[in-house]
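Ready for some practice in reading a protein model? Take your time with each exercise before you look at its solution.

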Amino acid sequence: MPRVLDPYEAMSLAEAIAMCRDLVEDPDFPTVARWRDSGGKVVGHFQVYFPEEIVHAAGLLPFKVRGAPLEARQGESHFGSYLCSILKTSLEIALTNRLALDMFVSHPICDSARNLAAVWGRNFDYPCEILYLPQNANSAHAATYLRGEYARLSREVEAIAGHPITADELRASLGVFNENRRLLRELYEIKRETPWLLAVDEAYSLVAVGGMVPREEHNQLLRWALPRIRERSAIPQDRMRLVFAGGFCEQPPLDLLRTIAQFSYVVDDDLLIGLRWITEDIPVGGDPLADLAEAYLERSSYSPVQHDLRKPKEQMLLAQIKGANAGAAIITAAKMCEPGLDEVVAYTKALDDEGIPYFVSEFEERMTNFDSLQIQLETFIENLLFA
Amino acid sequence: MSPTTQMVQDAPDRDVPASELGASVVGRGNKDGNRLFREWYEELTSAPERNEHSAYVFVMGSLAEILRSFDIHTIFPEINGLQTAVRHVADDYIAQAEDYGFSADVCGYVKADIGMQLRAGDHPMGKIPPPSLAVYTNACNTYVKWAEIWERMYHVPIFTLDIPGTRAAGRLTWSGNVDFENDRRYVAGQIGELIELCEQVTGKRFDIDKLRETMRYTNTMSEKWKRLIELNQSVPAVYNAVTDGTVFLGMVNGFRGRPEGAAYFTDLVKEMEYKAANHIGTPFEEKYRLVFVGVPCYPIFRRFSEMFTEWGGSFAGSSYLWFASGGANLGFQYDLDRPLESLAEGLLVTVRDAMDSMFYSNQNLVDMIEPYGIDGVVYHPIKSCRTVSTGLADNRRAVMEATDVATLFMESDHMDKRVVSEAQLKNRIDAFFEGLATRKVRRSSASKNESEA
Ligand code: SF4
Ligand code: SF4
């Protein structure tokens, strides 16, 4: 397996995080290019959740398509006006050959994204398809259906790989991803327990890089970084503990997160929740596709684009705030993101009912000016601290 | 006897061949449709007095067959929303929902409904009862988010009937295929769960014969709907697929699984066959034959239509008649000998088709051009509806690559007047027709030159 990250072992932690940040903000995705240069194939999967283990087991690189901070010059002309940015920039990176894929998969997470595979398919010759994750998570038939859908996806991936995926390969991949999720949980634990050691933008960079490198390499990076984060000597400050909601699909710019980090500790969030969707280890040893399907439904987080009667989203947010011992929330939605905007109403009403203060804002991945946001946020937090 | 049942029994010419019908049938579809529609709203308004249950459902996969078999009324919030727009009151409802917290960028249908719920069901067509339950498919994700709002408001059961769609362009699977069977089992399982839920809500036992009956009526309606769409290959078009089409859509959804619906569409097809046989078109002279893609502009519906008819533009087809009928355009016929299995298969195939008509319609549009004699394709993506609109710019590029048909692309909304600029729409439409006129002249001189050579 080729190594795609620059050697970071001799770097300081800050330098390694800066390297991750640069990679996350680089619309040319050099790690993917390196993988391809060594003969590897890539399956791009659009937000939010994707069973990456299946692609990994076939020896391909699963790449999380999550837009990019760039002008969607070509992408714009394939879409109408009233759409979120991530759709356009995701297509842009493919149309401009910044991202070369062997297969593209999207999911019916929202009205916009469910169109994406069709749009993509009209513009590229490689397979572009929709993975129908079950939207009736409460049906007793959902897990069996999903196992069948994963088997279908496996066949498609096998065709790209040119060889079958064995059950043992799948089990090995479950193990790699279990470890990855364990390490990410540890990272989030640091955010919750000792947020002064790791700012939200730093944590984000470390997490996001996982969507663009082989997962074994991400595991190595996290194993290297986590003890170094714990060894940091930063001193706790009198800052507001916040939960950030609204980063499940389109990603806020890193500078926005950095702005928030200047005034507060973000102790939990839903940023790139797809990478952390499964909340417990998946058992390794049984029918791997069935176990993967069961975990999607039964051992998973929540987001505005998954409907599950057992997880009323506003209750899940309240539990998250409580679990992280946060005093307030930042409730955001990407511009023109209908599911996100719908949820803002439910979240804010629930927070009102509970008397939890919140700050509401919309963002766009390509925004560059944070001055007014900074002032508003500062005022919000000052009001809370001196209330 | 309800007035609608009366109508089913009344039509004296139902068994008379179209060729023997008189000119008096012309216009009957719209007249009867409007009347039945009003009566339907009266029926809904008075349902609570009779202690009857109502389900909130949607046009793409209403599950009317199951619900009606339990005598549950089907209420279509999308149709309610549309009615507020054509009656020019949508702004008030939308404003109320926005005051409540909903963003300007949320689907206008949702907001019109929230406004109406906040007014305890007051609606220009009557008083809409609150739901006993909500049933919806995943054909539009906003359906799901919308239902979550009702769940929070009314604490009623909400049921997602998840119907997996086509995975990639043109890759349809059918009975016997391993993936199709996986989807079918899933849909069938959920139908069973929905039946249990209806039993709990109504306290009634499921009656398979009653289901069969509703499915029989839907069979007739689907068969006639397919025929109706084909009949507009006639020159001139026998109905305007956008304006008349909206009346027909109201009927095909509101009366799905009901005898009145079956009777209405039987009569309607007769009327249209008569018109086709006698070359009777719409009241406007037809110079250009068009196909409409998207959702109409309801806040200025009449004017919107006039902008086309004034130029002799006639809508012979519309993708709206495909997806907003829930895929009835396939004419799918349920097998009444095995109703539950067939319902699962039918739902899977038709709702999938409705989704295809939104996401993958470019080839269908290309395929229409010749048989329908299409001069132009009019794309009307709307701000509210990302489901339908997201892919339309790209769809247009594909259609233009495949054919040399003229296309028009204009954006507005189906509910929100703030996004509708009449002057801008008119400019675009006028320019489009000027282009069509130039093409026509060029074509006829080219064919003249050819015949002289
Ligand atoms: S940002 Fe929102 S609207 Fe856009 S693709 Fe993601 S979920 Fe859909
Ligand atoms: S988004 Fe479109 S399909 Fe969905 S409810 Fe709104 S108008 Fe209907």
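Below are five exercises on ligands, empty spaces, helix pairs and the backbone.

This is a predicted model, in which local features need pLDDT of at least 70 and side-chain atom pairs count only at pLDDT 80 or more, while totals for chains, interfaces and linings use all residues. Residues are numbered from 1 along each chain as its sequence is written, chains are lettered from A and ligands numbered from 1 in the order in which they are written, and side-chain values use heavy atoms, with hydrogens and water left out.

**Exercise 1. The surroundings of ligand 2**

Task: Find the residues around ligand 2 and decide which chains they come from.

Solution:
- Start with the rule: a residue is near a molecule if one of its heavy atoms lies within 4 Å of it.
- Chain A gives Asp111(A) to the list, and the residues from chain B include Glu78(B), Cys107(B), Tyr109(B), Cys140(B) and His414(B).
- Because residues from chains A and B surround ligand 2, the site is shared between chains.
- Next, look for the main contributor: helix α7 (residues 141–154) of chain B gives the most to this shell, with 3 residues. Helices (H or I, at least four residues) and strands (E, at least two) are DSSP runs, numbered from the N terminus.
- Finally, sort by class: the shell holds 6 nonpolar, 3 polar and 2 charged residues. Here Ala, Val, Leu, Ile, Met, Phe, Trp, Tyr, Cys and Pro count as nonpolar, Asp, Glu, Lys and Arg as charged, and the others, Gly among them, as polar.

**Exercise 2. The surroundings of ligand 1**

Task: Sort the shell around ligand 1 by class.

Solution:
- Among the residues around ligand 1 are Phe46(A), Cys84(A), Cys110(A), Cys249(A), Glu250(A) and Cys337(A).
- The shell has 10 nonpolar residues, no polar ones and 1 charged.

**Exercise 3. Empty spaces**

Task: Describe the largest cavity and the second largest pocket by volume and lining.

Solution:
- Define the terms: on a 1 Å grid over the protein atoms alone, a cavity is a set of points where a 1.4 Å probe fits but cannot get out, and a pocket is an open set with protein on both sides within 12 Å along at least five of seven lines; lining residues have an atom within 4 Å of a point.
- Grid points are joined across faces, edges and corners, and a volume is the space filled by probe spheres set on the points.
- Count the cavities of 30 Å³ or more: there are 15. The largest cavity holds about 170 Å³.
- It is lined by 14 residues, and the closest to its centre are Ile109(A), Leu133(A), Tyr296(A), Val305(A) and Gln306(A).
- This lining has 9 nonpolar, 5 polar and no charged residues.
- Turn to the second largest pocket, with a volume of about 400 Å³. Of its 18 lining residues, Arg192(A), Asp268(A), Arg276(A), Thr279(A) and Ser301(A) are the closest to its centre.
- α8(A) gives the most to this pocket's lining, with 5 residues, and the whole lining divides into 8 nonpolar, 4 polar and 6 charged.

**Exercise 4. A helix pair across chains**

Task: Describe how α6(A) and α17(B) pack.

Solution:
- Helix α6 (residues 116–123) of chain A and helix α17 (residues 392–402) of chain B pack at about 30°, with their axes 10 Å apart. Axes are lines fitted to C-alpha atoms, for helices over the stretch in contact, and angles run from 0 to 180 degrees between N-to-C directions.
- Therefore α6(A) is roughly parallel to α17(B), a term for angles under 35 degrees.

**Exercise 5. Backbone surprises**

Task: Locate the cis peptide bond between Val235(B) and Pro236(B) and the positive phi of Asn97(A).

Solution:
- Recall that most residues other than glycine have a negative phi, and most peptide bonds are trans.
- The cis bond joining Val235(B) and Pro236(B) has an omega of about -5°. Pro236(B) sits in the loop between α9 (208–231) and α10 (243–254) of chain B.
- Asn97(A), although not a glycine, has a positive phi of about 60°, and belongs to the loop between α5 (85–95) and β3 (103–106) of chain A.

Technical notes
Parallel < 35°, antiparallel > 145°, perpendicular 65-115°, else oblique.
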